[in-house]
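Q: Could you take a close look at one part of this structure with me? I'm a first-year student, so plain words would be great.

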Amino acid sequence: MTKIALIPAYEPEFFLLTFLPQVREAGFEIILIDDGSGAEYAPLFEKARTYATVLTHEINRGKGAALKTGLSYIFMRHTDNCVVVTIDADGQHRIEDALAVCELASQNPDSLVLGSREFTGEIPLRSRFGNSLTRFIFRMSTGISVRDTQTGLRAFSYSQLPLLMSIDGDRYEYEMNMLLEYARRKTPILEHTIETIYINNNESSHFNPLKDSLRIYKEIFKFSASSFIGFLVDYCMYAVLLFLLTLWGPFLGINYLEGIRFSNIGARIVSACVNFTLNRKFVFQSNEKLLLSAFKYFLLAVIILVGNTFVLEFLVTTLLIPSMIAKIITELVFFILSWTVQKFLVFRRK
């Protein structure tokens, strides 16, 4: 079995030149990606050619693009008898841990193996907070618990390269999209505990907490915006219908509880049409057939409507919560459920 270390690097420290021989001595073939580091770093990468195959981006394209460049190179030049491990260039990963995840991946060729940190001891605040947030969002979105969603130490077999090259994202969001895609396909994600290492408080990291976090969470942000628009439509329609049925209900033989039920159903039908259009075209950009997506979406909408109506009535009649406040609570309860089902079942991209 051939072991390949794929290392994306952007303006790396000279430490890399002492790290590469160690990786080579451990039995790895090394593919090093210069992600547009520029002329200042050209001598470093020239020396690195002693130990690694160096591929160069003329301009900085991002970690995801660098990884996919390396994956494409490996796919074209190797056979299925190899395992690839991605290693960060900043010294956070030990050779022993790289070997361990590589061995675990060779034993589980249909799985993605993560070298997961435990985040104990002195951890930079942005790293601790960032991983906690992404871990929470990933678990709520997929139902799968992953201890370290931001680890760069990942191992996988050659057979998985076509899938990995097709995943969206050119920068740090690529690694989160990878986890989401594996979760969607129900492909096993295995974790191997590794040592947590931060050199100089992780100052060499090129991760921009604001810009790159927006890239990582943008799909969830778009869904939130679409859901908020749908909620506004739903809430306004609910208020108007409830007002009209409260006013005219007695003349039509409709009591107050029935008015709440009819108002909620009517509002959900209108907002579902708006939400479907926004999610299909702008959020998930689905290329699945319109009728099939519509059928799955409105089946989901019916299921959520039944649950939504039941919860709303329970809050109003049993817990005696005012109907307008109960409506807000109900929508929050069903938000995560709706995102998960739409992402992985309704608006799947082929």
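Which strands does α7 lie across, and at about what angle does it run to β5?

A: Happy to! Keep in mind that this is a predicted model. Helix α7 lies across β5, β6 and β7, and runs at about 125 degrees to β5.

Let's look at the sheet that those strands belong to. The sheet is open and has 7 strands, in the order β3-β2-β1-β4-β6-β5-β7, with mixed pairing. At the edges stand β3 (53-57) and β7 (189-194), and each has a single partner strand, so one side of each is left without a neighbour in the sheet. If you compare neighbouring strands and ignore direction, they are turned by 20 degrees against each other on average.

Now zoom in on the β7 end. Strand β5 (residues 112-117) and β7 run parallel, and 6 bridges join them. To find your place there, look for Val-113, which stands opposite Leu-190 in β7.

Another helix to look at is α3. This helix lies across β1 (2-9), β2 (28-35), β3, β4 (82-86) and β6, and runs at about 140 degrees to β2.

Helix α3 also gives us some side chains to follow. Take Phe-75 and Tyr-158, an aromatic pair that is stacked, with 5.5 Å from centre to centre and 15 degrees between the planes. Phe-75 is in helix α3 (residues 63-77), while Tyr-158 is in the loop between β6 (154-157) and α6 (161-166), so this pair links distant parts of the chain, 83 residues apart. Phe-75 counts as partly exposed because its relative accessibility is 30%. Tyr-158, at 13%, counts as buried.

The same helix holds Lys-68, and Asp-170 lies in the loop between α6 and α7 (173-184), so this pair ties together parts that are 102 residues apart in sequence. The two form a salt bridge, with their closest N and O atoms 3.7 Å apart. As for how open they are, Asp-170 counts as partly exposed at 41% relative accessibility, whereas Lys-68 counts as buried at 16%. There is also a network to trace: salt bridges that share partners join Lys-63, Asp-88 and Glu-175.

How does that fit into the whole structure? The count of salt bridges comes to 9, and a search finds 4 aromatic pairs. One of those pairs is Phe-15 with Phe-19: the ring centres are 5.6 Å apart and the planes are at 25 degrees, so the pair is stacked. Phe-15 is partly exposed, at 33% relative accessibility, but Phe-19 is buried, at 4%.

For one last stop, find Lys-327. Its partner in a salt bridge is Asp-234, and the closest N and O atoms are 2.7 Å apart. This pair also links distant parts of the chain: Asp-234 is in helix α8 (residues 211-252) and Lys-327 is in helix α11 (residues 323-346), 93 residues apart. Both Asp-234 and Lys-327 are buried. Lys-327 has a ring to look at as well, since this residue lies over the face of Tyr-238, at 5.3 Å from the ring centre. You can look for a similar arrangement at Lys-3, whose charged end sits over the ring of Phe-28, 5.7 Å from the centre of that ring.

Key
Residues are numbered from 1 along each chain as its sequence is written. This is a predicted model: local features need pLDDT of at least 70, side-chain atom pairs count only at pLDDT 80 or more; totals for chains, interfaces and linings use all residues. Side-chain values use heavy atoms; hydrogens and water are left out. Rings of Phe, Tyr and Trp (its six-membered ring) pair if their centres lie within 6.5 Å; planes under 30 degrees apart count as stacked, over 60 as edge-to-face and the rest as tilted. Buried means under 20% relative accessible area, exposed over 50%, partly exposed in between (1.4 Å probe, protein chains only). Helices (H or I, at least four residues) and strands (E, at least two) are DSSP runs, numbered from the N terminus. A charge sits over a ring if NZ of Lys or CZ of Arg is within 6 Å of the ring centre and within 35 degrees of the ring normal. A salt bridge is a side-chain nitrogen of Lys or Arg within 4 Å of a carboxyl oxygen of Asp or Glu. Two strands pair if DSSP finds at least two bridges between them. Axes are lines fitted to C-alpha atoms, for helices over the stretch in contact, and angles run from 0 to 180 degrees between N-to-C directions. Contact means heavy atoms within 4.5 Å.
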